[in-house]
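Let's take a walk through this one, starting at its pocket and ending at its rings.

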Amino acid sequence: MKNEDIIAKAAITAGLITEEEVTNLFNQGRELPIHTLQGWNRKGNYRVKAGEMPLEAKLWKKKDGEQGGFYLAKAKLYTQDQMEAY
């Protein structure tokens, strides 16, 4: 399972988006509107609004070092409504 699929499943379970909306976004070649803080900052300068709670999920992260590989690490995800530009 790819990170995008893990995020979609977590967002559907949390009621942030419907399965139909996810399918439509993927069919249109668009990405989910849910990212880590690092993901939002690749799109601009954002910070989490005060008091907002993240959706937590375990996502694949690349291991450091020569051997590489991946492991599951806890990630905090936010919707655009939870972010503010600065």
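The lining of the largest pocket is a mix: eight nonpolar residues, five polar and eight charged (nonpolar being Ala, Val, Leu, Ile, Met, Phe, Trp, Tyr, Cys and Pro, charged being Asp, Glu, Lys and Arg, and polar the others, Gly among them). Keep in mind that this is a predicted model, where local features need pLDDT of at least 70, side-chain atom pairs count only at pLDDT 80 or more, and totals for chains, interfaces and linings use all residues. Residues are numbered from 1 along each chain as its sequence is written, and side-chain values use heavy atoms, with hydrogens and water left out.

The volume of the largest pocket comes to about 470 Å³. Of its 21 lining residues, Asn 3, Ile 7, Thr 36, Arg 42 and Leu 59 are the closest to the centre. Two or more lining residues come from each of helix 1 (3–13), strand 1 (34–35), helix 3 (37–41), strand 3 (55–62) and strand 4 (70–79), and strand 4 gives the most, with five.

Now follow helix 1. Its buried residues (under 20% relative accessible area, 1.4 Å probe, protein chains only) are Ile 6, Ile 7, Ala 8, Ala 10 and Ala 11. Helix 2 (19–27), strand 1, strand 3 and strand 4 are among what covers them. Just after helix 1, Gly 15 has a positive phi of about 80°.

Last stop, a charge and a ring: the charged end of Lys 62 sits over the ring of Phe 70, 5.9 Å from its centre (the cut-offs are NZ of Lys or CZ of Arg within 6 Å of the ring centre and within 35 degrees of the ring normal).

Key: 1 Å grid on protein atoms, 1.4 Å probe; cavity = no way out; pocket = protein on both sides within 12 Å on 5 of 7 lines; lining within 4 Å. Points joined across faces, edges and corners; volume = space filled by probe spheres on them. Helix = DSSP H or I, 4+ residues; strand = E, 2+ residues; numbered from the N terminus. Buried < 20%, exposed > 50% of the residue type's maximum accessible area, 1.4 Å probe, protein only. Contact = heavy atoms within 4.5 Å.
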